[in-house]
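Please work through the exercises below with the sequence and the coordinates at hand, trying each task before reading its solution.

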Amino acid sequence: MGKPKIATVWLEGCAGCHMSFLDLDEVLIDILHQVELTVSPVTDYKDYCFPKVDLGIIEGGIGNEEQLEIVRHLRRQAKIIMTWGDCAVFGGINTLRNWIPKTEVLERGYVTSESTVNGVVPIHAEIPRLLDQVIAVNHVIAVDVYIPGCPPDPEVIAYSLTEILNGRLPVLPGEMIHFD
Ligand code: SF4
C-alpha cells in the first residue's frame with residue numbers, strides 16, 4: 001500500500017496557515033516521509049486538478065466563484081477534509097467586507113483608493129467573480145476536522161496530522177484551542 005496522499009489549498013487567506021505548516025521544522029520532515037504531498041502551494045502546483053487523496057486541507061475562506069469550485073472538487077476527491085485556520089473555519093478577517101456591498105468593495109479597491117490613478121474595476125472571463133459575502137468552508141461542503149487559530153499553532157497542526165496518520169480523527173484537547 002502506498003503512502004497516504006494529501007492535497008492542500010490556499011483560498012482567501014494570507015498563506016499564514018501554510019507558513020505555520022512549514023514552521024513544523026524537523027517534524028515536517030518526519031511527516032513528509034509518511035505521506036505523499038500532491039497538489040499544494042508547497043509543491044508549487046498551480047492547476048487545482050486534484051487526484052484522489054486521503055486528506056484535503058483547506059486554508060482560507062471562500063470569497064469567489066473559483067474558490068467555490070475548488071472546495072467542491074476537493075470534497076469529491078478527499079476522504080477527509082480538514083480546515084486550517086480561522087479564515088477557513090469561520091471566514092476570518094476576510095468577512096470584514098461582508099457588511100459592505102460588493103460593488104462598493106470593488107470600487108474602493110480598484111478606483112477610489114488613494115494610490116489609484118484612472119482605475120477601473122477589472123472584468124474578464126478569467127477573473128473569478130466575487131461572491132456577495134465571504135463564507136466559511138463548512139457553508140459549502142462537509143468538513144471533518146476543524147483546526148482554528150490565526151494561524152494555527154504548528155504543534156496543533158502536527159498533533160492533528162499525526163492523529164490522522166494513526167487512523168484517528170483528531171479531537172483537540174482544550175489547551176490546544178485557546179490562548180494562554
Ligand atoms: S487564519 Fe490567519 S494565518 Fe490563516 S490564512 Fe487566515 S489570516 Fe492568514
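The exercises that follow treat salt bridges, a helix, a ligand shell and some backbone angles.

This is a predicted model, in which local features need pLDDT of at least 70 and side-chain atom pairs count only at pLDDT 80 or more, while totals for chains, interfaces and linings use all residues. Residues are numbered from 1 along each chain as its sequence is written, and side-chain values use heavy atoms, with hydrogens and water left out.

**Exercise 1. Salt bridges**

Task: Find how many salt bridges a search of the whole structure gives, and describe the pair formed by Asp54 and Lys79.

Solution. Begin with the criterion: a salt bridge is a side-chain nitrogen of Lys or Arg within 4 Å of a carboxyl oxygen of Asp or Glu. Searching the whole structure on this basis gives seven salt bridges. In one of them, the side chains of Asp54 and Lys79 meet with an N to O distance of 2.9 Å. Asp54 belongs to strand E3 (residues 53–59) and Lys79 to strand E5 (residues 78–84), so this pair ties together parts that are 25 residues apart in sequence. Here helices (H or I, at least four residues) and strands (E, at least two) are DSSP runs, numbered from the N terminus.

Next, consider accessibility, for which buried means under 20% relative accessible area, exposed over 50%, and partly exposed in between (1.4 Å probe, protein chains only). Asp54, at 25% relative accessibility, counts as partly exposed, whereas Lys79, at 63%, counts as exposed.

**Exercise 2. Two further pairs**

Task: Locate the partners in the salt bridge of Arg129 with Glu65, then state how accessible Arg168 and Glu163 are.

Solution. In the salt bridge between Arg129 and Glu65, the closest N and O atoms are 3.3 Å apart. This pair links distant parts of the chain, since Arg129 sits in the loop between helix H5 (102–112) and strand E6 (130–135) and Glu65 in helix H3 (residues 65–77), 64 residues apart. Arg129 is exposed, with a relative accessible area of 58%, while Glu65 is partly exposed at 33%.

Arg168 and Glu163 form another salt bridge, with 2.9 Å from N to O. Arg168 is partly exposed, its relative accessible area being 43%, but Glu163 is buried, at 13%.

**Exercise 3. Helix H3 and its surroundings**

Task: Compare the span of H3 with the expected value, list its buried residues, and examine the contact at its start.

Solution. The expected span of a helix is 1.5 Å times one less than its number of residues. For the 13 residues of H3 this gives 18 Å, and the end C-alpha atoms are 19 Å apart, which agrees. The buried residues of H3 are Gln67, Leu68, Ile70, Val71, His73, Leu74, Arg75 and Gln77. These buried residues pack against strand E1 (5–10), E3, strand E4 (62–64), E5 and E6.

At the start of H3, a side-chain oxygen of Asn64 comes within 3.0 Å of the backbone nitrogen of Glu66. Asn64 itself lies in strand E4 and is buried, with a relative accessible area of 11%. With contact meaning heavy atoms within 4.5 Å, and leaving aside its neighbours within four places in sequence, Asn64 touches Glu12, Pro128, Arg129, Leu130 and Leu131.

Val140, in the loop between E6 and strand E7 (145–147), is partly exposed at 22% relative accessible area. Again leaving aside neighbours within four places in sequence, Val140 is in contact with Ile62, Leu68, Val71, Arg72 and Ile135.

**Exercise 4. The ligand shell and unusual backbone angles**

Task: Identify which element gives the most residues to the shell around the ligand, and describe the peptide bond from Cys150 to Pro151 and the phi angles of Asp25 and Asp44.

Solution. The shell, whose residues each have a heavy atom within 4 Å of the ligand, consists of Gly13, Cys14, Gly16, Cys17, Glu59, Gly85, Asp86, Cys87, Gly149, Cys150 and Pro151. Helix H1 (16–22) and helix H4 (85–90) each supply at least two of these residues, and H4 gives the most, with three.

Turning to the backbone, most residues other than glycine have a negative phi, and most peptide bonds are trans. The peptide bond from Cys150 to Pro151 is cis, with omega near -5°, and Pro151 is found in the loop between E7 and helix H6 (154–165). Asp25 has a positive phi of about 55° although it is not a glycine; Asp25 lies in the loop between H1 and helix H2 (26–34) and is partly exposed at 48% relative accessibility. Asp44 also has a positive phi, near 60°; Asp44 lies in the loop between strand E2 (36–37) and E3 and, at 53% relative accessibility, counts as exposed.

Note on methods:
A polar contact is a pair of N or O atoms within 3.5 Å; within protein, one must be able to donate a hydrogen and the other to accept it, and residues adjacent in sequence count only if both atoms are side-chain atoms.
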